[in-house]
Every structure is written in C-alpha cells, then in structure tokens.
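Ready to practise reading a protein fold? Work through the exercises below with the structure open beside you, and try each one before you read its solution.

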Amino acid sequence: MRKIVIWMTALLTLLSYKLVFASVVVPMYLVDVNGQGKSIGSIKLDDSFCGVLLTPNLHDLPSGMHGFHIHEKPDCKDKGMAAGGHLDPASSKTHNGPYQNTGHLGDLPVLIVDNNGNATLPTLAPRFKLADINGHALMIHAGGDNYSDKPEKLGGGGERIACGIIKE
Ligand SMILES: [Cu+2]
Ligand SMILES: [Zn+2]
C-alpha cells in the first residue's frame, strides 16, 4: 500500500510538472518566396518560473546580433512577410523590447550568433507563457534590435531572414 502511494505521488508530480512547464521545439528555416528554405536547426521553448526560456540550436546564420520576435501569423511565406507584424494583443503599436511591461508582447531578447554561424545561447522572455504564443511565428532579422522605435521602427532589424511556426 505504502509503495502504491509513493508511486502515485511520483506520477502526479510528473504530470503536474508537464502541465505547468510546457515545452515545444520549433523547426527554423531560412525564408524564401514559398516560406520554407534551407533548414537551420530549431529553437526549444520552455515555460519556466518566470516566462519562457528560449534555447536556440541554430546553424548557418550570419554572425552577430539579430532582431528576434514573435510575429502574429503562423505563415513564413513571401520571405517572412506573410507572418505580419510583431505579436501585439494589447494593440500597443510600440516596439519596446522584452523587458518593459508595455509594447509588443512578441518582442524577444536579441539572438546572438557566434563567429561560426551558430546560435546556442539561451535567453529568457519574461512577459508571457508558452500558451500565449502558441500558433504564432518566430522570426529572425538580418540586423540587430535596440528595443525601440527610434531611430528606426521595430528596433531596426530590417529584412526577415529565418522563420518557424510555433505549434504546441
Ligand atoms: Cu520581427
Ligand atoms: Zn516589436
């Protein structure tokens, strides 16, 4: 009897862990006219005690800092343009980056790509849970991101270079 109780407790703990800390792996592709170009790896998204942990496992990207956001529509076609703007359920129409309580909910910490074209450094997006971003798109831009609309709109990342769809 005692053994059964211990096993039941263990099982319930595992189940609740799964419920509270959801996780998904998003395959990423370079964008082209049809949406899906060359595969460049994936990004793992994990719910955590303070937001979503983003763990990239990416290759074949230009080295340096890249603007990185959740875009509204789950569609990477037309060189990423079909994904629409930054996820913004509050209609803030403001690009403030991931560390302000106002502005686009989809603004993520910049993606850092090393000199060999790989990105593996995990970052934390503190403002949402995985359930809030399911069914939208992850987008990587050619340029960086200064978490502001000045001097350039949307952090100045410019062209969209890679995209993936978040499907839990
Ligand atoms: Cu973007
Ligand atoms: Zn934004």
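**Exercise 1. Work out in which order the elements follow each other along the chain.**

Start at the N terminus and walk along: the elements run α-β-β-β-β-β-β-β-α-β-β. Tallying them up gives two helices and nine strands. Here helices (H or I, at least four residues) and strands (E, at least two) are DSSP runs, numbered from the N terminus.

A quick word on the model before you go on. This is a predicted model, in which local features need pLDDT of at least 70 and side-chain atom pairs count only at pLDDT 80 or more, while totals for chains, interfaces and linings use all residues. Residues are numbered from 1 along each chain as its sequence is written, and chains are lettered from A and ligands numbered from 1 in the order in which they are written.

**Exercise 2. Find the order of the strands in the open sheet of seven strands.**

Step one: know what pairing means. Two strands pair if DSSP finds at least two bridges between them.

Step two: read across the sheet. The order is S5-S8-S9-S1-S2-S3-S7, and the pairing is antiparallel.

Step three: look at the edges. Strand S5 (68-71) and strand S7 (123-125) each pair on one side only, which makes them the edge strands.

Step four: check the twist. On average, neighbouring strands of this sheet are turned by 30° against each other, direction ignored. For that angle, axes are lines fitted to C-alpha atoms, for helices over the stretch in contact, and angles run from 0 to 180 degrees between N-to-C directions.

**Exercise 3. Follow the bridges from S8 through S9 and S1 to S2, and say how many hold each pair.**

Begin with strand S8 (residues 137-141) and strand S9 (residues 160-165): they pair over five bridges, antiparallel. In this pair, Met 139 sits opposite Cys 163 of S9.

Next, hop from S9 to S1, where there are two bridges, again antiparallel. Cys 163 turns up here too, as the bridge partner of Tyr 29.

Finally, strand S1 (residues 23-30) pairs with strand S2 (residues 39-48) over seven antiparallel bridges. Ser 23 stands opposite Asp 46 in S2.

**Exercise 4. Find out which residues touch the most other members of the largest nonpolar core.**

First, get the terms straight. A residue is buried if 20 or more other C-beta atoms lie within 10 Å of its own, exposed if 12 or fewer, and partly exposed in between, with C-beta atoms placed from the backbone. A nonpolar core is a set of buried Ala, Val, Leu, Ile, Met, Phe, Trp, Tyr and Cys residues joined through C-beta atoms within 7 Å.

Now the core itself: it has 30 residues, and Met 28, Ile 43, Ala 137, Leu 138, Ala 162 and Cys 163 touch the most other members. At least two residues come from each of S1, S2, strand S3 (51-58), S5, S6, S8 and S9. S8 gives the largest share, four residues.

Then zoom in on Ile 43. Two residues are in contact if their C-beta atoms, placed from the backbone, lie within 7 Å. Leaving aside neighbours within four places in sequence, the contacts of Ile 43 include Val 26, Met 28, Leu 54 and Leu 138.

**Exercise 5. Decide whether His 141 and Lys 153 are buried or exposed.**

Take His 141, which is in strand S8. It counts as buried because 23 C-beta neighbours lie inside 10 Å. Its contacts, apart from neighbours within four places in sequence, include His 66, Gly 67 and Ile 161.

Now take Lys 153, in the loop between S8 and S9. Lys 153 has 10 C-beta neighbours inside 10 Å, so it counts as exposed. Lys 153 and Thr 94 are 59 residues apart in sequence, yet 9.0 Å apart in space, C-alpha to C-alpha.

**Exercise 6. Look for backbone oddities in the loop between S8 and S9.**

Pro 151 is in this loop, and a cis peptide bond joins Lys 150 to Pro 151, with omega about 0°.

Leu 154 lies in this loop too. Its phi is positive, about 60°, although it is not a glycine. With 17 other C-beta atoms within 10 Å, Leu 154 is partly exposed.
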